[in-house]
Amino acid sequence: MTEATSVRSARRHHWRRDAVELAALFTAVAVADVVADTVAHGPSGPVMLGAAALALLATTGFHIWWSRRREHAPPPADTGATAPSAAPAPEAGGQETALWRMRTTVRDEPGSLAALCTALAERRVDILSLQTHPLSEGTVDEFLLRAPADLAPADLTRTVAGAGGSHSWLERADTHDLVDAPTRMLGLATRTALDSAELPLALRQLLGRCTIRSVPARSLTGQPLAEEVPAEGVLADHTMKFRDPSGGSLTIERPQLPFTPTEFARVRALVELDSRLGQRVPPRREVLTLPEGNAITVRRAGTADLTAAREMHDRCSAQTLALRYHGPVGDAERYLDHLLSPRFGRTLAAETASGRLVALGHLLWDGDETEVALLVEDAWQQRGIGAELLRRLVAMAAETGCESVYAITQASNTGMVTAMRGLGLPLDYQIEEGTLVITARPTGVPAHREAREELRVRNGSRHG
């Protein structure tokens, strides 16, 4: 049936309905006149009026019932028109799918992206989101794909290459990647604005697998370390460099995938935001009661605690400082400014009810890895403070997606070994010339009791 025929048929039906309604109106007027004459002059006028009222109510009720029945009735089948296409039903057994992040370079010409999308559709690959990164020659398209689980990564890459994609890169994605790009950028900017230590984590979440290094302006001995970086930053394929607010430099490397100008602009916006806001530490505090009954406050620390940290150093013995800093005691003071800076990680402080600092715990970003370190004042050791700080630091590492956390100590530092073992996580031990490196996996399953006992016996036999 053509559109013109449908219009003519609808008009004809409307004309017939109007004629029927008009006839019904004249009939109703005539009946009403007869009824009014009968009521006015007949002996049973009130009885007939009441009967008419009941009949009217019954008719109204029937009309309402019939209207509702017609509203909920299924639409009549139309064999002449084409039904709208429905969403494809899942295959028998419910086909499993997998999420992928893919980047590929296509020619900057009409139809190139359409050809790529058509090729993916033929392999039953659903495109959930698409971002374009314009280049001087061509365009980098970043897809979030939902593909059949049985589609091998190599087949997916070959499909893209056959449709004109080049320099393709593919990795598994998760549900966090379903957030659109503007929403993700706003979330990362919020995290960066609230906490200076979040900048490296926000950059890693934005760029994927990459190595981020913050280099201070000068070494502990005063020698210049950081190179001079232009104010606008530097972009060179697999490397980005920016000027650090403290005078140092921030270097980001991603060997497996070159950076695009779009990514460079996003990173520069986050770095500039961090520079303008200065150092920021969340004012969260938590009061803990030690087994002996003393109350200890655990909070985030920053460079504002530098004086209190130096005073704690003065109360610590030379042996405690040597176990913590693995070098001459005189160098301990030089580390504090670096350790307390949120640029290089997160620091937790434990203080007494009177406000005296008695312990520090550091979580330091070290490229792709994360280091954890503890310093507890001598008079407050063996009270569980170090274990509490360590547990919170490792939990922070797990929240940021760190796969492993390592601690460097001396083989004679049984307190640190005991605290690491108390985490209940899988541990790796490496010892060389008296230096012990203990690595824990925050996202791993807790070690079994037998495994922990074996580690305890083995460690005791080495350092006992």
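Start by selecting α5 (181-194): this helix gives the most to the lining of the largest cavity, with three residues. Before going further, note that this is a predicted model, where local features need pLDDT of at least 70 and side-chain atom pairs count only at pLDDT 80 or more, while totals for chains, interfaces and linings use all residues. Residues are numbered from 1 along each chain as its sequence is written, and side-chain values use heavy atoms, with hydrogens and water left out.

**Stop 1: the largest cavity**

Keep α5 on screen and add β1 (97-106) and α7 (261-277); each of the three supplies at least two lining residues. Helices (H or I, at least four residues) and strands (E, at least two) are DSSP runs, numbered from the N terminus. Now select R101, R103, Q131, E142, A181, R184, M185, L206, E263 and R266, which together line the cavity. Colour them by class and you get six charged, three nonpolar and one polar. Here Ala, Val, Leu, Ile, Met, Phe, Trp, Tyr, Cys and Pro count as nonpolar, Asp, Glu, Lys and Arg as charged, and the others, Gly among them, as polar.

The volume comes to about 100 Å³. A cavity is a set of points on a 1 Å grid over the protein atoms alone where a 1.4 Å probe fits but cannot get out, and lining residues have an atom within 4 Å of a point. Grid points are joined across faces, edges and corners, and the volume is the space filled by probe spheres set on the points.

**Stop 2: the other cavity**

The whole structure has two cavities of 30 Å³ or more, and the second largest has a volume of about 40 Å³. Select L288, L290, I296, V298, A350, I385, E388 and L389 to see its lining. Seven of these are nonpolar and one is charged, with no polar residue. Show β10 (295-301) and α11 (385-399) as well, as each supplies at least two lining residues; α11 gives the most, with three.

While β10 is up, pick T297, which lies in that strand. Is T297 buried or exposed? It is buried, at a relative accessible area of 14%; buried means under 20%, exposed over 50%, and partly exposed in between (1.4 Å probe, protein chains only). Beyond four places in sequence, T297 touches R285, E286, V287, A349, A350 and E351, where contact means heavy atoms within 4.5 Å.

**Stop 3: the cores**

Stay with α11 and select L363, V372, I385, L389, L390 and M420, the residues with the most contacts inside the largest nonpolar core, which has 36 residues. α11 gives the most to this core, with seven residues. Such a core is a set of buried Ala, Val, Leu, Ile, Met, Phe, Trp, Tyr and Cys residues joined through side-chain atoms within 4.5 Å. Zoom in on L390: leaving out residues up to four places away, its partners are V372, L374, A419, M420 and L423. A second, separate core of 18 residues includes L203, L206, L250 and V271.

**Stop 4: V160**

Jump to α4 (residues 153-162) and pick V160. With 0% relative accessibility, V160 counts as buried. Its contacts outside four places in sequence are M102, T104, L116, L120, G165 and S168. Measure to C117 too: 43 residues away in sequence, but 9.0 Å in space, C-alpha to C-alpha.

**Zooming out**

Finally, show everything: 13 helices and 16 strands. Of the 464 residues, 37% count as buried.

Note on methods. On a 1 Å grid over the protein atoms alone, a cavity is a set of points where a 1.4 Å probe fits but cannot get out, and a pocket is an open set with protein on both sides within 12 Å along at least five of seven lines; lining residues have an atom within 4 Å of a point.
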